[in-house]
Amino acid sequence: MDRIERLSESIRFRTVVRKWEEFLKFHEFLERSFPLIHSKLKVHRINQYALLYEWNVGAEESLLFLAHMDVVPAEEEGWIHPPFSGEISDGYVWGRGALDDKSSLMALMEAVEGLLERNFTPKHNLLLAFGFDEETKGYMGAKKLAEHLENRRIRIKAILDEGSAIVESVFPGVDKPLALIGIAEKGFASFDLVAKGPGGHSSTPYRNAPIERMAKSITCISKYRSKPTLIGAVEDFLKTLGHFTAFPLNVVLKHPRFFLPLIDLFFSKLPTASAMLRTTMCVTMLNAGVADNVIPEQVTATVNCRIIPGETAKEVFERIRKIVEDLDVEVVRSEKWEVSDPVEESNTKTDFYQKLVETIEEVFPNAAVSTFLTIGGTDSRHYKRLCRDIYRFSPIKMTKNDLETVHGRNERISTQAYERMCDFYTNLMQKL
Ligand SMILES: [Zn+2]
C-alpha cells in the first residue's frame with residue numbers, strides 16, 4: 001500500500017465527534033499502517049481517544065506537531081464522490097478530512113515513518129499530538145494533551161499546527177502564491193443581551209417594549225466597527241501583498257501604518273480582510289416570544305466576538321456595555337459560552353521559524369512567505385501556556401475554490417499536493 005492509498009483509507013473512518021468507536025478503529029488503522037512508529041516511539045492515549053507519539057532522542061527540548069483526527073459531519077448529497085469513500089479519482093483523493101485535517105495527520109506520520117526507515121535521528125525530541133474534538137473546540141482532546149505535557153514538565157520549544165495554507169488567487173489582483181504562517185490567533189467570546197419589561201396583550205402595545213429595545217441594540221452592534229488595530233503579523237502580510245500588487249495600491253500596502261485608515265476603508269467590503277484589522281462582533285442568536293398575541297417580557301440575543309490580539313474578552317464585554325448603555329439592555333456573561341482570549345504573536349526570530357521558512361522555500365519555490373493572523377480557532381491555543389512560539393501553517397496550495405470545500409461539499413486533495421505535503425514535513429523534520 002502506498003501513501004495515497006493510506007490517505008484514502010484514513011478518510012473512510014467517520015471520525016465525527018461522539019462516534020467514539022470510529023476513533024478506536026482509526027487508532028488500529030494507524031498501528032497497522034505505521035509499524036516503525038508503533039515499535040520505536042512511545043505512544044500514549046490521552047483521555048481515551050487523543051494520541052501522543054514521542055520520538056524521544058534524549059534532548060532537553062521537544063518540538064511539537066499537532067493535527068486532529070476528527071472531521072465535521074457531511075451529508076452525502078451534492079458530493080461527486082461520497083464524503084467517506086476516500087475515492088481516488090481524477091488525480092484527487094476525495095472526502096471529508098482530505099484537507100481538514102487528515103492529510104496533515106497522515107503526512108506527519110508518513111514523514112516520521114520514512115525517517116525511521118532511514119535510521120534518521122533528529123536533534124530535538126519530536127512529538128506528535130492528535131486531538132479528537134478540534135471541530136468542537138478541543139476541550140477533550142487538545143486541552144487534555146496540553147495538560148498531560150504540562151504535568152510531565154515537558155519543555156516545548158516550538159509548535160506547528162494546521163493553519164493558513166499557500167493561497168493562490170485569493171486576494172484580488174495578486175497572482176503570486178502566498179505561504180501564510182499564522183503567528184497569532186484571534187480569541188473568542190459570546191455575551192448575551194437581555195431586555196426585560198412588562199408583558200401584555202399585543203392589542204394594547206406600548207413604546208420601548210423589550211423587543212423594540214433589543215432591535216435597537218442589535219442595530220447599534222451591527223453598525224459598530226471597533227477601531228482598526230495593526231498587529232505585526234498583519235503589517236508584514238500587507239507589506240508582502242504590496243510587493244505583488246500594481247500602482248497605486250502597492251504604495252499604500254507597503255506603508256500600512258501610514259495608510260491604515262485608507263486600507264481600512266478599502267477592506268470594509270471584504271469581510272475576511274476587515275476581520276484581520278479588528279475585533280468583530282456578530283449577533284448570532286435571538287430568542288423572544290411565545291405567542292403571536294403576547295408581548296414578551298424578556299428578549300435575549302447572543303453576540304459572538306472574535307478578539308484581536310492585544311485586547312481581552314473583558315475589554316470587549318465593557319465595549320458592548322457601552323454600545324447599548326442607553327437602551328436599557330443588560331449585557332451578561334453566561335456560563336454557557338466558553339471564553340478564549342487571543343493568542344499573542346509568536347516570535348519570528350526563532351530557529352524553528354527560520355527552518356519553517358527555509359523548508360517552504362525549498363518545497364514551494366515560487367511562493368512568497370509572510371506572517372498572518374489566524375482568524376478562526378485551532379487546537380494550538382490550548383498549548384499557549386506550554387510554549388510561546390506557535391506557528392499555524394498547512395503545507396498545501398489552495399485556491400478560493402479549494403478553501404470553500406473545507407467544511408463544505410467535495411472536499412478533496414490532489415495526489416500531487418499530498419505527496420508534497422509529505423515531502424514538506426520530511427524536509428522540515430530533517431532540519432530539526
Ligand atoms: Zn482543522
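**Cysteines, strands and a zinc site**

Cys282 comes out as partly exposed, at 42% relative accessibility; on this scale buried means under 20% relative accessible area and exposed over 50%, with partly exposed in between (1.4 Å probe, protein chains only). The model here is a predicted one, where local features need pLDDT of at least 70 and side-chain atom pairs count only at pLDDT 80 or more, while totals for chains, interfaces and linings use all residues. Residues are numbered from 1 along each chain as its sequence is written, and side-chain values use heavy atoms, leaving out hydrogens and water.

Back to the cysteines. The sulfur of Cys282 sits 9.2 Å from the closest cysteine sulfur, that of Cys305, which is too far for a bond. A disulfide is a covalent bond between the sulfur atoms of two cysteines, and here the label is given to a pair of cysteine sulfur atoms within 2.5 Å. The structure ends up with 0 disulfides. Cys305 itself is buried, at a relative accessible area of 0%.

Next comes the zinc ion. Its coordination comes from His68 (NE2), Asp100 (OD), Glu162 (OE) and Glu162 (OE), at 1.9 to 2.5 Å. Donors are N, O and S atoms within 2.8 Å of the metal (3.2 Å for Na, K and Ca), and since water is not among the atoms, sites may look incomplete. Along the chain, the donors of the zinc ion follow the spacing H-x31-D-x61-E. His68 in strand β3 (residues 62-68) and Glu162 in strand β7 (residues 156-167) are 94 residues apart, so this pair links distant parts of the chain. Strands (E, at least two residues) and helices (H or I, at least four) are DSSP runs, numbered from the N terminus. His68 is buried at 1% relative accessibility, and Glu162 is buried too, at 11%.

What is the geometry of the zinc site? It is irregular, with angles of 54 to 152 degrees among the 4 donor atoms. Four donors count as tetrahedral if all angles lie between 85 and 135 degrees; four count as square planar and six as octahedral if opposite donors are over 155 degrees apart and all others between 65 and 115; anything else is irregular.

Strand β3 also has a partner in β6: the two run parallel and are joined by 7 bridges, and two strands are said to pair if DSSP finds at least two bridges between them. Phe65 stands opposite Leu128 in β6. Strand β2 (residues 50-55) pairs with β6 as well, in the antiparallel sense over 5 bridges, with Leu52 matched to Ala129. How well covered is β6 (residues 125-131)? It is mostly covered, as 7 of its 7 residues are buried. Asn125, Leu127, Ala129 and Gly131 are buried on one side, and Leu126, Leu128 and Phe130 on the other.

There is also an open sheet of 3 strands, in the order β4-β5-β17 with antiparallel pairing. The edge strands, β4 (88-89) and β17 (412-414), each pair on one side only. Strand β5 (residues 92-94) is joined to β17 by 3 bridges, and Val93 has Ile413 as its bridge partner. Helix α14 (residues 415-431) lies across β5 and β17, at about 75 degrees to β17; axes are lines fitted to C-alpha atoms, for helices over the stretch in contact, and angles run from 0 to 180 degrees between N-to-C directions. Contact means heavy atoms within 4.5 Å.
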